[in-house]
Amino acid sequence: MRNLIIWIALAAGLIVLPNVLSFSQQEVLVFLTINILLVASYRLLTLTGEWSLGHVVIMGVGAYASALLTKTTGLPVPLGILAGGMVAALIALALSYPLFRMKGFYFLIGSFAAGEIIRLLWKRFRDPFGGTKGLKGIDPMPDFSVGFYNFDFFEPTSYFYFAAIVVGVCLWILWRIEKSPVGLTFHAVHWQDKLAQASGVNLRAYRTLAFVIASGFAGISGALLAHYIGTINPNSFDVEVMVFVLTWAIVGGTSTFYGPILGCVVLTILNEVVLRELGLEQTRPLIYGLILILSILFMPNGLESIVQKFTRRKEAGLMRPEEAK
Amino acid sequence: MTSLLQVKDLTMRFGGLTAVDGLNFKVEKGTIHGLIGPNGAGKTTTFNMISGFYTPSDGAVLLRGEDISGLQMHEVARRGVVRTFQHSTLFAELTVLENALVGTHMPFRPNIFAAIFGWDRDDRDGADARARDALRFFGLGDLMNEHAGDLSHGHQRALGMAVAYASHPDIILLDEPFTGMNPEETKHMMGLMKRLCSDGITILLVEHDMQAIMGLCDNITCMSFGKFLAEGGPAEIRNHPAVIEAYLGGARHVA
Amino acid sequence: MFELLAQTGLNAVYAASYISLVAVGLVLIFGVMGVVNFAHGELFMAGSYVVVALYADRFVPFFVAVAAGLVFVGLLGLLMERALFRPLRDNPLGGLVASIGFLMILQALAVLGFGVRMEHIPPVTQEVIAFSDRVRLPVARLYVIVAAIVMLSLLWYFLKRTRFGWALRASAQDPQAAALQGISVTLTAKIAMFIGAGFAGLAGALTAPLVSVNPYMGHSIIVTAFIVIIVGGVGSLEGAVLASIVYAFVHTFVTTFYDGVLADITGLALMLIVLIVKPTGLFGSADRA
Ligand SMILES: Nc1ncnc2c1ncn2[C@@H]1O[C@H](COP(=O)(O)OP(=O)(O)O)[C@@H](O)[C@H]1O
Ligand SMILES: [Mg+2]
């Protein structure tokens, strides 16, 4: 009952939120929503202990796939977004064969190389990827009406509602996975792969599973992005974006589901709203970098550790591995 | 009749060192079989080969007559051979119950789609019941929500066994399970092992504690410097000149 | 045809020179500190800007500016060691993030100090060694080649023949054992950071008049350096030099005969293949990060 009230309040808050923001803030809000899915999917991958540097490129795979499919086959945009996720998952499955021969640092670098190769392929093959200039005029979401509300997708507010629903469903699925025996197995693979394997866990299969699922949701987030901004190019998914994802996850903390999301929200607001509005356009990366360093030095367990201090109740429920450490 | 488990000419070389050298022995179904030998004799290495953690350099591991050498550890486990590790190897960051739940991975294989939609209630309940049973069996019933890393040494060893037991294996390989336990706990644990055995679980046991070995085992294989030394019942092994020689000659520790 | 091959070969030798200076520094830092220094490309960039500031803007003699670049960036390395890597010694992922933060700061400082435009640096020398009409080596490139050979030889001598070098290698192999033998981990870390960063600064300073200096130039060099250290085997200095040479030749030849993007793809594919065949890198050993 209490939970229901919280959820309703949250939903109401999200419905009102864009209406109190300026236009540019509304745009930030849409990106933030999409990035939340991106970073939450990234966390699923880190559950098994692997850190990838190719996640944003996989997001791009979803973006390119959805953009191209809707354009060439006339697939409706919502289905294109789904297809984008599936293509990203399939590409990840293919990549998992070489990549999961590696672990740790080598996986990090290997995933980076694989991602860069994909990006360079987009650059090199003007047909169909549009080369360095990328794809333009990507089909927007078609406007529609649900009676009491007209979705007009040139408005960031409308797209925010749409994206929030898609992202909400995806987060729910990610959450269900994490809190399931599958999620527990991911943790097991991370913390003590030998013992997990001796308990009959196929390590390679579970690492691959986490990678493929995470990639599928990253692909969906990419497709959401593509149909919002209408133009994408290889540099939309370069390593700088990856660095942002990495820092959201680490500054937020990765031992809880909400940690990376928290990191994403806080850092985005800091970077895009506070620093921008203070008029610090040129010093923005400098301050951002400083924040990054200070937070890793003085808050090594992430923002989530601060939240945990306030909410630490010994809940004797199942599956609460995130209180570990 | 084929034995449940048989190792044939099992050999493991690490570079120039031959840690296990042409080892042969059989483990019969429903027995407790001891594997003893001085420190460095190659017992853990033998376990590692049986469980699929190492691929033998030579020789074979036969499970019910089927050659399982060279399979990966999870493939071996799925055939009913489950092991514990010499040093308390646990998911220290997870709770005791979660540790045991990982142990139920094989009988209650997780399914991701069922998990998302909540169609796996029965499996989850089954796994939960099984895990709690295993924990209670090993006396950890009151500690289910503790972090495994916070347990005492003796409890950690018990948890390692509970994780292995939770999958209800046919044969369980225990590597020095009594280390870190006081005599009281050891005695209690011995009782539990006898019960496991009478439930039909075969046990292959490596252990320091000679008293425990002699009290538990139906059959004992003794090895030294990677080679087979002697085999027989407790009484035979106790008085076997080669065994005495190996332990006294090795002079340091009885292991 | 022969002349084209010869010219391309010369270009490759030049590329191999500055790449190996950067990569060797990266390997040294990784080996001793156990962290992947993502800011290494920006240290290279910082070296270039020292030359912009001193040589192009203030007419300090070129080689003095280059030496200043080496020392200045070496000091940046010391700063990183003290402020970032030492407190984060047990947290390799944290070290990586901190180096990313440092990278952003360096980039931002370059933008603030010099703007985002590309810098025009007056050529140091117009002289060209002409082997034939179409095989020519600009002397400015020769400087880079000579400097790389000299510095790498000095480093080799330092590592193999001096006590400090011995201590450095010992603590790269096993920090705990080294500490037990009375080797100061902090001191070796400082030395490694100074040399590692200094080499990147030197490479950046020397090549400044030959490339387009801009605040974002670190990106492509760090990608190259990663490829090289993977192919050469993480932790192996000789491997890094060897891989630099191989990479430079492959990349330069593919660029000349096909195109630059394909060359980049080839380089990355080369690295992926090495990783697939030997998942820990060619000479790599245990997993560090
Ligand atoms: N992974 C390995 N690499 C090299 N040598 C090993 C390895 N594992 C064990 N050994 C060596 O093999 C021998 C047997 O070790 P082990 O099987 O652990 O003996 P035990 O368990 O009987 O004490 C020892 O000499 C040990 O040093
Ligand atoms: Mg042993």
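Student: What covers the buried residues of H3(B)?

Tutor: The cover includes helix H8 (181-191) and helix H9 (193-198) of chain A, together with H5 and helix H6 (153-165) of chain B. Helices (H or I, at least four residues) and strands (E, at least two) are DSSP runs, numbered from the N terminus. This is a predicted model, in which local features need pLDDT of at least 70 and side-chain atom pairs count only at pLDDT 80 or more, while totals for chains, interfaces and linings use all residues. Residues are numbered from 1 along each chain as its sequence is written, chains are lettered from A, and ligands are numbered from 1 in the order in which they are written.

Student: Why is H3(B) called largely enclosed by the rest of the structure?

Tutor: Eight of the eight residues of H3(B) are buried, so the description fits. They are B:Val96, B:Leu97, B:Glu98, B:Asn99, B:Ala100, B:Leu101, B:Val102 and B:Gly103. A residue is buried if 20 or more other C-beta atoms, placed from the backbone, lie within 10 Å of its own, exposed if 12 or fewer do, and partly exposed in between.

Student: What makes B:Ile213 buried?

Tutor: B:Ile213 has 23 other C-beta atoms within 10 Å, so it passes the cut-off for buried. B:Ile213 lies in helix H8 (residues 210-216) of chain B. Leaving aside residues up to four places away in sequence, B:Ile213 touches B:Gly34, B:Ile36, B:Glu207 and B:Ile220. Touching, or contact, requires the C-beta atoms of two residues, placed from the backbone, to lie within 7 Å.

Student: How do you know whether B:Arg64 counts as buried, exposed or partly exposed?

Tutor: B:Arg64 has 14 C-beta neighbours inside 10 Å, so the class is partly exposed. B:Arg64 sits in the loop between strand S4 (58-63) and strand S5 (66-67) of chain B. Its phi is near 45°, a positive value in a residue other than glycine.

Student: Which class does B:Glu176 fall in?

Tutor: B:Glu176 has 19 other C-beta atoms within 10 Å, so B:Glu176 is partly exposed. Its phi is near 50°, again positive in a residue other than glycine. The residue belongs to the loop between strand S7 (171-175) and helix H7 (183-198) of chain B.

Student: What makes the peptide bond between A:Asp127 and A:Pro128 notable?

Tutor: The bond is cis, with omega about 5°. A:Pro128 is in helix H6 (residues 126-129) of chain A. Most residues other than glycine have a negative phi, and most peptide bonds are trans.

Student: Why is H11(A) described as roughly perpendicular to H12(A)?

Tutor: The axes of helix H11 (residues 239-252) and helix H12 (residues 258-277) of chain A come within 7 Å and cross at roughly 115°. Angles under 35 degrees count as roughly parallel, over 145 as roughly antiparallel, 65 to 115 as roughly perpendicular and the rest as oblique; H11(A) is therefore roughly perpendicular to H12(A). Axes are lines fitted to C-alpha atoms, for helices over the stretch in contact, and angles run from 0 to 180 degrees between N-to-C directions.

Student: Why are H2(C) and H8(C) called oblique to each other?

Tutor: The axes of helix H2 (residues 40-56) and helix H8 (residues 185-207) of chain C come within 7 Å and cross at roughly 50°. That angle belongs to none of the named ranges, so the pair is oblique.

Student: What is the hand of the crossing of H2(C) and H8(C)?

Tutor: H2(C) passes H8(C) in a right-handed crossing. A crossing is right-handed if the near helix is turned clockwise from the far one by less than a right angle, and left-handed if anticlockwise. The residues of this contact divide into eleven nonpolar, five polar and no charged. Ala, Val, Leu, Ile, Met, Phe, Trp, Tyr, Cys and Pro count as nonpolar, Asp, Glu, Lys and Arg as charged, and the others, Gly among them, as polar.

Student: How do you know which pair of chains shares the most contacts?

Tutor: Of the two pairs of chains in contact, chains A and C share the most. That contact takes 38 residues from chain C and 33 residues from chain A. H4(C) gives the most to the side of chain C that touches chain A, with 14 residues. In the other contact, 29 residues of chain B meet 26 residues of chain A. Chain B and chain C do not touch, and their nearest C-alpha atoms are 16 Å apart.

Student: What makes up the shell around ligand 1?

Tutor: Twelve residues surround ligand 1, the closest being B:Phe14, B:Ala19, B:Lys43, B:Thr44 and B:Thr45. A residue qualifies if its C-beta atom, placed from the backbone, lies within 6 Å of the molecule. Strand S2 (17-27) and helix H1 (43-50) of chain B each give two or more residues. H1(B) gives the most, with three.
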